[in-house]
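Open the model in your viewer and keep the selection tool at hand. The tour below goes from stop to stop, saying what to select and what is there.

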Amino acid sequence: MNEQPLFRRLKDYSYAQLEVLASEIRDTITRVVSSNTGHLASNLGTVELTIALYRIFDPDEDVLIWDTGHQAYTHKLLTGRYGSFGSLRKKGGVSGFLNRIESPYDFFGAGHVGTALPAAMGIEQADNIFRSSRNVVVVAGDGALTSGMALEALNQMKDIGSKIKVIVNDNGMSIGKNVGSLSSSLAELRLNPVYREMKGDLKNTLEAMKLVSLEQFLSKIKSGLKASILGGNLFEDMGLNYIGPVKGHDFQEMEAVFSAVKQLREPFLVHVVTKKGKGLEYAECNPTRFHSVSKIDPDSGEKISNSGELSYSEVFGKVLTELAEEDPSISAITAAMPDGTGLAEFAKKYPARLFDLGITEQLCTTFAAGMAAAKTKPVFAVYSTFLQRALDQLIHDVALQDLPVLFAVDRAGIVGQDGPTHNGIFDIAFLSMIPNMQILAPSSLKELANMIFTLFAEKWMDHPTAIRYPRETELQSIDEILSNLRKIELFKWEKVIDGKEAAILATGAMVSRSREAALLNGYALYNCRSIKPFDKAALGQIFADYDLIVTVEEGIKSGGFGSNVALEAIRQNYNGRIDIIAIEDRFSSHGTREEVLNELGLDARGIENRISKLRGEKNASNYRIR
């Protein structure tokens, strides 16, 4: 990654050469992403925007921050990673998101939405302390502006005297179609014919004024006449100068606007309209499907996978949709991710019971609490990494009031190529510490289906409950799963393999990966489907029967399942040894799911090696807990 950044040569290119470059970048992104997996449509839409921005603002001198990072592949290509881009999302290769360790041009790392504006405000105020005069520019998608932190930052910019330039990449989408009043306001500004007529051709207007009369022009645009014709503008009401809409695939128009706002020491919101998936027909036609892709044929967009594979997300969505047909009190909530969490079919069948609240995990959690207080059965489907953002709401609004909300915690554990920003390794620890919270972890697709079926078949829950499941697939038939739904004892542990030497207590996806170790070493294997509460009867018997216990979990060690088993062992004066196999105090790198599990010693071979070593040490060590 030591190549010369391409952005330094951009000013020498003609517009015809820029068009060729844009086409080459699109081809590179499509070829690499279709092979390596990654974010496709969102990056294809920002090619011209990035090139135009880097022709006017200098990444060597200015601070340019990309919100989230799944629109910043062109940024990576222009900032010294063109030659290494083929390693995108591969182990040891280029990250799929912004990473400060990877490049000084990734000024602020991000994998979660809404962080760029707050960070930019902090950077700008730090620059003020050091009397720096560099420009601070943020590129945020229109969906990112629905995030609470982004709105809080916009609300504060005027009061702190900010001069940040905010480029809003408006494609009408986040992952799916955007929702909410802010999205509607942007659409109104984008489509209003009166506004466009007043604005005329922005590029020609600015070229004619030659910057000299820009301030006069802005004053006119913000006049009472505009307000009387068009109504208010949310951004101007917040103290920002709004300019746009700007054509997001027109180099000359964008450059004229960026050059203009760069000269003025006041805050601007530049509204740039782009097309998600631009330049690739199948991605343009279905930008939601091709927002993030697994391996696909780059020519057709067809998915390359083993037929018959089902994901946990698909099974969750299918079972919930089936149960909702019989139970009208079931509702589903998503934070802008109905497709990713398996709720697309539910949304089509029961649109009045599917609530997409935008990228607002805190809002979704308290909204679910309100629904539970009103005696419905709310299910909030959310990735583990994003549930972290709603910790206070989990504690204060849900658990403190002991409200029966079901959290479908998708992508729990290692997600693989999305990397450390998206790994769901903390949910066991932070959910376990919350009073009243129950945590379940299915060991298979069938068990997930049966857990959901049991929760809704029985009297509705008395406590908030989370079901955590991994980003994995199995060769299964959904029809077979749906036709064989049955009640199970949710809070009872299951002895999967009998053994006399020692006991392995495994959770979720680690049950199948511990099977070989149990069989080879003569150990008992328990499927500890209930992480909280413990099956106290089973655990008491395990303490009585075995002098060596090994816990295995796909989560952080500190505060996790094994740590809590060890605490219970102390309470019960257990005199044997406990070994905890979990993720140590670290963030893991990106790579395939199996590569990262192998690196962490959580694949089948790693678990077997650890347990075989333990067996040899069994009588040679005096420790009790490790």
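How many nonpolar, polar and charged residues does the lining of the second largest pocket have? The model you are looking at is predicted. In it, that lining has five nonpolar, ten polar and one charged residues.

**Stop 1: the pocket**

Select Asn99, Pro420, Thr421, Phe587 and Ser588. Of the 16 residues lining the second largest pocket, these are the closest to its centre. The volume of this pocket is about 340 Å³.

**Stop 2: the sheet of seven strands**

Switch to a cartoon view and find the open sheet whose seven strands come in the order β10-β9-β11-β12-β14-β13-β19. Its pairing is mixed. In general, the strands of a sheet pair through backbone hydrogen bonds, either parallel or antiparallel.

Now select residues 354-356, which are β10, and 530-532, which are β19. Both stand at the edges with a single partner strand, so each has one side without a neighbour in the sheet. From one strand to the next, the twist averages 20 degrees.

Add strand β9, residues 330-334. This strand runs parallel to β10, and three bridges join the two. Show Ala332 and look across to β10: the residue opposite is Leu354.

Next, select helix α21, residues 445-457. This helix lies across β9, β11, β12, β13 and β14. Compare its direction with that of β14: helix α21 runs at about 165 degrees to that strand.

**Stop 3: two helices side by side**

Select helix α17 (residues 361-373) and helix α19 (residues 391-399). Their axes are 9 Å apart, and the helices pack at an angle of about 10 degrees. Angles under 35 degrees count as roughly parallel, so α17 is roughly parallel to α19.

To see the contact, show the side chains of Gln362, Thr365, Thr366 and Ala369 on α17, then Gln393, Leu394, Asp397 and Val398 on α19. By class, this contact has three nonpolar, four polar and one charged residues.

**Stop 4: the sheet of five strands**

Which strands stand at the edges of the sheet with the order β16-β18-β17-β20-β21? Select residues 494-497 for β16 and 577-583 for β21: these are the edge strands, and each pairs on one side only. The sheet is open and has five strands with mixed pairing. On average, its neighbouring strands are turned by 25 degrees against each other, direction ignored.

Select β17 (residues 503-506) and β20 (residues 548-556). These two strands pair in the parallel sense over four bridges. Ile504 is opposite Val550, which belongs to β20.

Then add helix α27, residues 604-617. Helix α27 lies across β17, β20 and β21, and runs at about 160 degrees to β21.

**Stop 5: backbone details**

Most residues other than glycine have a negative phi, and most peptide bonds are trans. The last selections depart from this pattern.

- Select Gly244 and Pro245: the peptide bond between them is cis, with omega near 0 degrees. Pro245 is in strand β5, residues 241-247.
- Select Lys532 and Pro533: a cis peptide bond joins them, with omega about 0 degrees. Pro533 sits in the loop between β19 and α24.
- Select Arg89: this residue is not a glycine, yet its phi is positive, about 65 degrees. Arg89 is in the loop between α4 (73-78) and α5 (116-129).

Conventions:
Residues are numbered from 1 along each chain as its sequence is written. This is a predicted model: local features need pLDDT of at least 70, side-chain atom pairs count only at pLDDT 80 or more; totals for chains, interfaces and linings use all residues. Side-chain values use heavy atoms; hydrogens and water are left out. On a 1 Å grid over the protein atoms alone, a cavity is a set of points where a 1.4 Å probe fits but cannot get out, and a pocket is an open set with protein on both sides within 12 Å along at least five of seven lines; lining residues have an atom within 4 Å of a point. Grid points are joined across faces, edges and corners, and a volume is the space filled by probe spheres set on the points. Ala, Val, Leu, Ile, Met, Phe, Trp, Tyr, Cys and Pro count as nonpolar, Asp, Glu, Lys and Arg as charged, and the others, Gly among them, as polar. Two strands pair if DSSP finds at least two bridges between them. Axes are lines fitted to C-alpha atoms, for helices over the stretch in contact, and angles run from 0 to 180 degrees between N-to-C directions. Contact means heavy atoms within 4.5 Å. Angles under 35 degrees count as roughly parallel, over 145 as roughly antiparallel, 65 to 115 as roughly perpendicular and the rest as oblique.
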